[in-house]
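This report describes the fold of one protein chain for a reader who is new to structural models. Please look at the sequence and the structure before reading on.

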Amino acid sequence: MHKACPLSELAPGEALRLDSAPPIAVFHTEDGKLSAIDDTCTHQDASLVDGYVEDCRVEWPLHASRFNLQTGKIDAPPAKLPVRTPKEAPTFLPA
Ligand code: FES
């Protein structure tokens, strides 16, 4: 398990990257939900923590792949593979 930070240090609408192996992106959405997914986009290895978050999805600005923050599934291409979530990688639950 990796500890991220106290929740008070991650404001709604912000995200942080944990330099673990693999890197993990932790999102605190505007509606107060926490999500953790693999930080690496499955399209071309970009960091998803720098993407745009809307509702429960993150969109990578360069190529516009979009992933569901709860399931890791693809919501918009060009990515063809989902990203992992804590269900697939239980050791990366946020603290
Ligand atoms: S690197 Fe993520 S959509 Fe291309």
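The sections below go from the overall fold to the sheets, the core and one loop residue.

## Basis of the model

The model is predicted; local features need a pLDDT of at least 70, side-chain atom pairs count only at pLDDT 80 or more, and totals for chains, interfaces and linings use all residues. Residues are numbered from 1 along each chain as its sequence is written. The term pLDDT stands for the predictor's confidence in each residue, on a scale from 0 to 100. For the protein chain the mean pLDDT is 88, and 89% of its residues reach 70 or more. Among the elements, strand β4 (residues 52-54) has the lowest mean pLDDT, 92, and strand β6 (residues 66-68) the highest, 97. Where pLDDT is low, predicted coordinates should not be read in detail.

## Overall fold

The protein chain contains zero helices and seven strands. Helices (H or I, at least four residues) and strands (E, at least two) are DSSP runs, numbered from the N terminus. The order of elements from the N terminus is therefore written β-β-β-β-β-β-β. Of the 95 residues in the protein chain, 29% are buried. A residue is called buried if 20 or more other C-beta atoms lie within 10 Å of its own, exposed if 12 or fewer do, and partly exposed in between, with C-beta atoms placed from the backbone.

## The sheet of three strands

One open sheet has three strands in the order β1-β2-β3, with antiparallel pairing. Its edge strands are β1 and β3 (34-38), each of which pairs on one side only. The twist from one strand to the next averages 20°, where axes are lines fitted to C-alpha atoms and angles run from 0 to 180 degrees between N-to-C directions. Two strands count as paired if DSSP finds at least two bridges between them. Strand β1 (residues 14-18) and strand β2 (residues 24-28) run antiparallel and are joined by five bridges. These two strands form a hairpin with five residues between them. Five bridges also join β2 to β3, again antiparallel. In the hairpin of β2 and β3, which has five residues between the strands, Gly32 takes a positive phi near 90°.

The table lists residues that stand opposite each other in paired strands.

| Residue | Partner | Strand of the partner |
|---|---|---|
| Leu18 | Ile24 | β2 |
| Ala15 | Phe27 | β2 |
| Ala25 | Ile37 | β3 |
| Glu54 | Arg57 | β5 |

## The central strand and the core

How many of the five residues of β2 are buried? Five of its five residues are buried, and the strand is mostly covered. In a regular strand the side chains alternate between the two faces of the sheet. In β2, Ile24, Val26 and His28 point one way, while Ala25 and Phe27 point the other way.

The largest nonpolar core has 17 residues, and Ala25, Val26, Phe27, Ile37, Leu48 and Phe67 touch the most other members. Such a core is a set of buried Ala, Val, Leu, Ile, Met, Phe, Trp, Tyr and Cys residues joined through C-beta atoms within 7 Å. Strands β1, β2 and β3 each supply at least two residues of this core, and the largest share, four residues, comes from β2. In soluble globular proteins, nonpolar side chains tend to be buried together.

Not counting residues up to four places away in sequence, Phe27 touches Ala15, Ser35, Val53, Val58 and Leu69. Two residues are in contact if their C-beta atoms, placed from the backbone, lie within 7 Å. Of the contacts in the protein chain with a separation of 6 or more, 30% are between residues 24 or more positions apart.

## The sheet of four strands

A further open sheet has four strands in the order β4-β5-β6-β7, with antiparallel pairing. Its edge strands, β4 and β7 (74-76), each pair on one side only. Neighbouring strands of this sheet are turned by 30° against each other on average, direction ignored. Strands β4 and β5 (residues 57-59) pair in the antiparallel sense over three bridges.

## A loop residue

Asp19 lies in the loop between β1 and β2. Asp19 counts as exposed because it has 9 C-beta neighbours inside 10 Å. The C-alpha atoms of Asp19 and Asp39, 20 residues apart along the chain, are separated by 9.4 Å.
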